[in-house]
Amino acid sequence: MSALQTLLAASGPLAVSPIAAFAYLVSGVLFILALRGLSSPESSRRGNRLGMAGMAIAIGTTLVTHDAVGLPDIFAAIVIGGVIGFFIARKIAMTAMPQLVAAFHSLVGLAAVVVGAAAYLDPAAFGILDPLTGQIHNASRIELGLGVAIGAITFSGSVIAFLKLNGNMSGKPILLPGRHVLNLGTLLAILALIGWFYAMPAPSAVTWLFPLIVALSFIIGFLLIVPIGGADMPVVVSMLNSYSGWAAAAMGFTLSNSAMIITGALVGSSGAILSYIMCKAMNRSFISVIAGGFGAEASAAGGEAKEQRPWKRGSAEDAAFLMSQADSVIIVPGYGMAVSQAQHALREMGDMLKKEGVSVKYAIHPVAGRMPGHMNVLLAEANVPYDEVFELEDINSEFAQTDVAFVIGANDVTNPAAKTDKTSPIYGMPVLDVEKAKTVLFVKRSMGGVGYAGVDNDVFYMDNTMMLLADAKKMVEDIVKAMAH
């Protein structure tokens, strides 16, 4: 052990030296500043850099203060993980970002389970063994039980979310018979087993107890996410983010690592707050969502467009003419834009309109896409100026004075049924008032389908709406070509 390691570890195996505590405090402050930076597209790059700096300090401090594993092994693991992460970041499409986030959440959950299992199997190595009883400290039992339970729920739930988002599993709710009773019973069983693990004098003597907690937690993660439909996926992604944070915080107590506790608490609390904001934006009850999908029955019953109603079809040339003659255009991107990767063509269209003297703005609904901030990320990738992008509450009042609302693949978040139809599964959800614009140009692949919430959109059939039926990217590219002539 080096002299610096000796100095830092001088206060004992479970205590934290002043130098290490200060370093962890600095990393915690950087993580807070990183979250602050990530709250705005303009400062997101700075936020990322601050977060990276904070993590580097936390990892460096941990390596110096712990001598359990040789540094070559640690650095080899860092290099391998870094290379894998680099290639994933280079190859992943921005449209697949929700799946990537879900996959990363699953890894955090699995890491918490693996660390918890290691601590259970060799408590002396983690400093959680009571020398008098030869058993794990009582407080550490609670930390272990909660850590592996939350981690396992995060892992299996994130795997299901990934499969749904990636199209490997249907986005429709899978409603199991008696699912609420089954979910509640499994959760109560997990809590009871954790209580038993804490209270019994020698938990290591009951070899099946700890594995059973882990197994039931894996199962409940699956049961909680399977009934949740695609319309609620933004909340699910945010919720799993919160779970991964709490799992990391619990393992931080087991490892006596204040940086993990701080980081996990930050991720857990910010994810919980974001989940609440997303639920409010969707008029969802957070408890209803995590219990098995709000409006799942309605969504499962829907899925088809209404009977034939008159509607107007337009062409790329029509759209190009209408927007070129307009004074103002508000573009509303949705998941259809993400799927077709039309963001670059859309920015080119916006640039051409601005050259013609047209005012161009982008209206973003909080839950457009499949994860929080999905549309903001895609528009930022296409270098759309930040000052042209507005949130729902900042731009909704402008639709009534707008010449053209150009909606590209945003169905549920523009559906006026949310304001008028009390039987609709999206009733009460704040939506963008695109129908108030003088003209609505609605890009949609076909008239046969409906949005992820499973309800038809009355905007399609309004007198001031022109439907542009085609792949979103192809339609926008054709509009750009028409403008150029």
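**Exercise 1. Strand 1 and its neighbours**

Task: Find how many bridges join strand 1 to strand 2, and how the two strands run.

Solution.
Step 1. Four bridges connect strand 1 with strand 2 (residues 359-364), and the two strands run parallel. The model used here and below is a predicted one.
Step 2. To place one position in this pairing, take Ser-328, which stands opposite Ser-359 in strand 2.
Step 3. Strand 1 also pairs with strand 4 (residues 404-408), in the parallel sense and over five bridges.
Step 4. Two positions can be checked in that pairing: Ile-330 stands opposite Ala-405, and Ile-331 has Phe-406 as its bridge partner.

**Exercise 2. The whole sheet**

Task: State in which order the six strands form the sheet, and which strands stand at the edges.

Solution.
Step 1. The order is 3-2-1-4-5-6, in an open sheet with parallel pairing.
Step 2. At the edges stand strand 3 (389-391) and strand 6 (465-469); each has a single partner strand, so one side of each lacks a neighbour in the sheet.
Step 3. On average, neighbouring strands are turned by 25° against each other, direction ignored.
Step 4. Now add the helices. Helix 16 (residues 374-381) packs on the sheet and touches strand 1, strand 2 and strand 3, with its direction at about 145° to that of strand 2.
Step 5. Helix 13 (residues 316-324) lies across strand 1, strand 4, strand 5 (439-444) and strand 6, and runs at about 145° to strand 5.

**Exercise 3. The cover of strand 1**

Task: Decide whether the residues on the two faces of strand 1 are buried or exposed.

Solution.
Step 1. A residue counts as buried under 20% relative accessible area.
Step 2. On one side of strand 1, Ser-328, Ile-330 and Val-332 are buried.
Step 3. On the other side, Val-329, Ile-331 and Pro-333 are buried as well, which leaves both faces covered.
Step 4. Six of the six residues of strand 1 (residues 328-333) are therefore buried, and the strand is largely enclosed by the rest of the structure.
Step 5. For the chain as a whole, 47% of the 485 residues count as buried.

**Exercise 4. Salt bridges**

Task: For the salt bridges Glu-388 to Lys-354, Arg-445 to Asp-471 and Asp-478 to Lys-474, say where the partners lie.

Solution.
Step 1. The structure holds 10 salt bridges. One of them joins the side chains of Glu-388 and Lys-354, at 2.5 Å from N to O.
Step 2. Glu-388 is in the loop between helix 16 and strand 3, and Lys-354 is in helix 15 (residues 343-355), so this pair ties together parts 34 residues apart in sequence.
Step 3. Glu-388 is buried at 11% relative accessibility, whereas Lys-354 is partly exposed at 30%. Both belong to a network of salt bridges that also links Arg-347 and Asp-351.
Step 4. The side chains of Arg-445 and Asp-471 meet at 3.1 Å, N to O. Arg-445 lies in the loop between strand 5 and strand 6, and Asp-471 in the loop between strand 6 and helix 19 (472-484), so the bridge ties parts 26 residues apart in sequence.
Step 5. Arg-445 is exposed, with a relative accessible area of 57%, while Asp-471 is partly exposed at 26%.
Step 6. The side chains of Asp-478 and Lys-474 meet at 2.9 Å, N to O. These two residues are four residues apart in helix 19, so about one helical turn separates them.

**Exercise 5. A nonpolar patch**

Task: Name the residues that make the nonpolar surface patch of about 420 Å², and the elements that give two or more of them.

Solution.
Step 1. The patch is made by Met-55, Ile-59, Leu-71, Phe-75 and Ile-78.
Step 2. Helix 3 (44-65) and helix 4 (71-91) each give two or more residues to the patch. The largest share, three residues, comes from helix 4.
Step 3. Ile-78 is found in helix 4; at 40% relative accessibility, this residue counts as partly exposed.

**Exercise 6. Tyr-198**

Task: Find which residues Tyr-198 touches, not counting those up to four places away in sequence.

Solution.
Step 1. Tyr-198 lies in helix 7 (residues 179-199) and is partly exposed, with a relative accessible area of 36%.
Step 2. The residues touched are Asn-138, Arg-141 and Ile-142.
Step 3. Arg-141 is 57 residues from Tyr-198 along the chain, yet their C-alpha atoms are separated by 5.4 Å.

Definitions and conventions:
Residues numbered from 1 in each chain as written. Predicted model: local features only at pLDDT ≥ 70, side-chain atom pairs only at ≥ 80, totals over all residues. Heavy atoms only, no water. Buried < 20%, exposed > 50% of the residue type's maximum accessible area, 1.4 Å probe, protein only. Pairing = 2+ DSSP bridges. Axes fitted to C-alpha atoms, helices over the stretch in contact; angles between N-to-C directions. Contact = heavy atoms within 4.5 Å. Patch = residues over 30% accessible without salt bridge, like charges linked within 9 Å, V, L, I, M, F, W, Y side chains within 5 Å. Areas by Shrake-Rupley, 256 points an atom, 1.4 Å probe, with all protein chains shown as cover. Salt bridge = Lys/Arg side-chain N within 4 Å of Asp/Glu carboxyl O.
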